[in-house]
Amino acid sequence: MSGAWIMLLLAGLFEIGFAVALKASDGFARLVPTAIFAACAFISFSLLSRAAQVIPIGTAYAVWTGIGAAGTAIIGIVAFREGADPWRLFFIFTLIASVVGLNLVSSK
């Protein structure tokens with residue numbers, strides 16, 4: 001895995017971080033989760049920007065949002081007791097499969 005793909009993976013993980021911190025911030029009413037949100041968002045966008053210098057922007061953005069969406073949905077199920085019915089799990093799986101597929105077919 002190239003450095004750009006590692007940066008993109010980290011950007012997606014920080015996207016999960018800012019989404020979870022956004023929920024914990026209670027509409028930006030709580031200082032610490034709001035600060036964590038801001039830091040994670042800054043790091044995530046910075047890493048996405050650097051990765052997109054090497055990876056095509058369409059692929060980079062799709063992978064970034066896919067990691068964030070799937071990861072946030074999984075954390076929602078595990079940490080916030082959101083629904084985990086078979087269809088929801090199926091579509092989370094297809095999102096992850098799509099991210100992996102984009103990585104495999106992306107030009108180097």
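**Entry 1: Alanine 11**

I call a residue buried when its relative accessible area is under 20%, and exposed when that value is over 50%. I am working from a predicted model, so I keep that in mind throughout. My first stop was alanine 11, which I found in helix H1. Is alanine 11 buried or exposed? Its relative accessible area is 0%, so alanine 11 is buried.

Next I looked up what alanine 11 touches. Leaving out residues up to four places away in sequence, I noted Ser44, Leu47, Leu48 and Trp64. I also checked a distance to phenylalanine 42, which is 31 residues from alanine 11 along the chain. The C-alpha atoms of these two residues are separated by 9.6 Å.

**Entry 2: Helix H3**

Trp64 had turned up among the contacts of alanine 11, and tryptophan 64 sits in helix H3, residues 57-79. I checked the length of this helix. With 23 residues at 1.5 Å a residue, H3 should span 33 Å, and I found its end C-alpha atoms 32 Å apart, which agrees.

Which residues of H3 are buried? I listed Thr59, Ala60, Val63, Trp64, Gly66, Ile67, Gly68, Ala70, Gly71, Ala73, Gly76 and Ile77. I then asked what covers the buried residues of H3. The cover includes helix H1 (3-24), H2 and H4.

**Entry 3: Aromatic rings**

I went on to the rings, and the structure holds 8 aromatic pairs. One of them joins phenylalanine 45 and tryptophan 64, with ring centres 5.3 Å apart and planes at 50°, so I wrote this pair down as tilted. The pair links distant parts of the chain, 19 residues apart: phenylalanine 45 belongs to helix H2 (residues 31-51) and tryptophan 64 to H3. The two partners differ in exposure, since tryptophan 64 is buried at 4% relative accessibility, whereas phenylalanine 45 is partly exposed at 45%.

My second pair was tryptophan 87 with phenylalanine 91, which is stacked, at 5.9 Å centre to centre and 25° between the planes. Why are these two about one helical turn apart? They are 4 residues apart in helix H4 (residues 86-105), and that is why. A reminder I jotted beside this: an α-helix has 3.6 residues a turn, so residues three or four places apart point the same way. Tryptophan 87 is exposed, with a relative accessible area of 60%, while phenylalanine 91 is partly exposed at 47%.

I also noted one aromatic cluster, formed by Phe18, Phe28, Phe37, Phe45, Tyr61 and Trp64. Both partners of my tilted pair, Phe45 and Trp64, are in this cluster.

**Entry 4: Charges**

How many salt bridges are there? I counted 1 salt bridge. Arginine 88 forms a salt bridge with glutamate 82, and their closest N and O atoms are 3.2 Å apart. Arginine 88 is partly exposed at 27% relative accessible area, and glutamate 82 is partly exposed at 34%. For background, side chains of opposite charge can pair when their charged atoms come close.

I found another charge placed over a ring. Lysine 23 lies over the face of phenylalanine 80, at 5.3 Å from the ring centre.

**Entry 5: Helix H4**

What caps the N-terminal end of H4? I found aspartate 85 there, with a side-chain oxygen 3.1 Å from the backbone nitrogen of tryptophan 87. The length check worked here too: the 20 residues of H4 should span 28 Å, and the end C-alpha atoms are 28 Å apart, which agrees.

Further along, I looked up asparagine 103, which lies in helix H4 and is partly exposed, at 24% relative accessible area. Asparagine 103 and valine 63 are 40 residues apart in sequence, yet their C-alpha atoms are 7.9 Å apart in space.

**Entry 6: Positive phi in the loops**

I ended with the backbone. Most residues other than glycine have a negative phi, so I wrote down two positive values. Aspartate 26 has a phi near 55°, and I found aspartate 26 in the loop between H1 and H2. Aspartate 26 is exposed, with a relative accessible area of 54%.

Where is arginine 81? I placed arginine 81 in the loop between H3 and H4, just after H3. Arginine 81 has a positive phi of about 55° although it is not a glycine. Arginine 81 is exposed as well, at 78% relative accessible area.

Methods. Residues numbered from 1 in each chain as written. Predicted model: local features only at pLDDT ≥ 70, side-chain atom pairs only at ≥ 80, totals over all residues. Heavy atoms only, no water. Salt bridge = Lys/Arg side-chain N within 4 Å of Asp/Glu carboxyl O. Buried < 20%, exposed > 50% of the residue type's maximum accessible area, 1.4 Å probe, protein only. Phe/Tyr/Trp six-rings, centres within 6.5 Å; stacked < 30°, edge-to-face > 60°. Lys NZ or Arg CZ within 6 Å of the ring centre and 35° of its normal. Expected span 1.5 Å × (residues − 1). Contact = heavy atoms within 4.5 Å. Polar contact = N/O pair within 3.5 Å; in protein donor to acceptor, adjacent residues only side chain to side chain.
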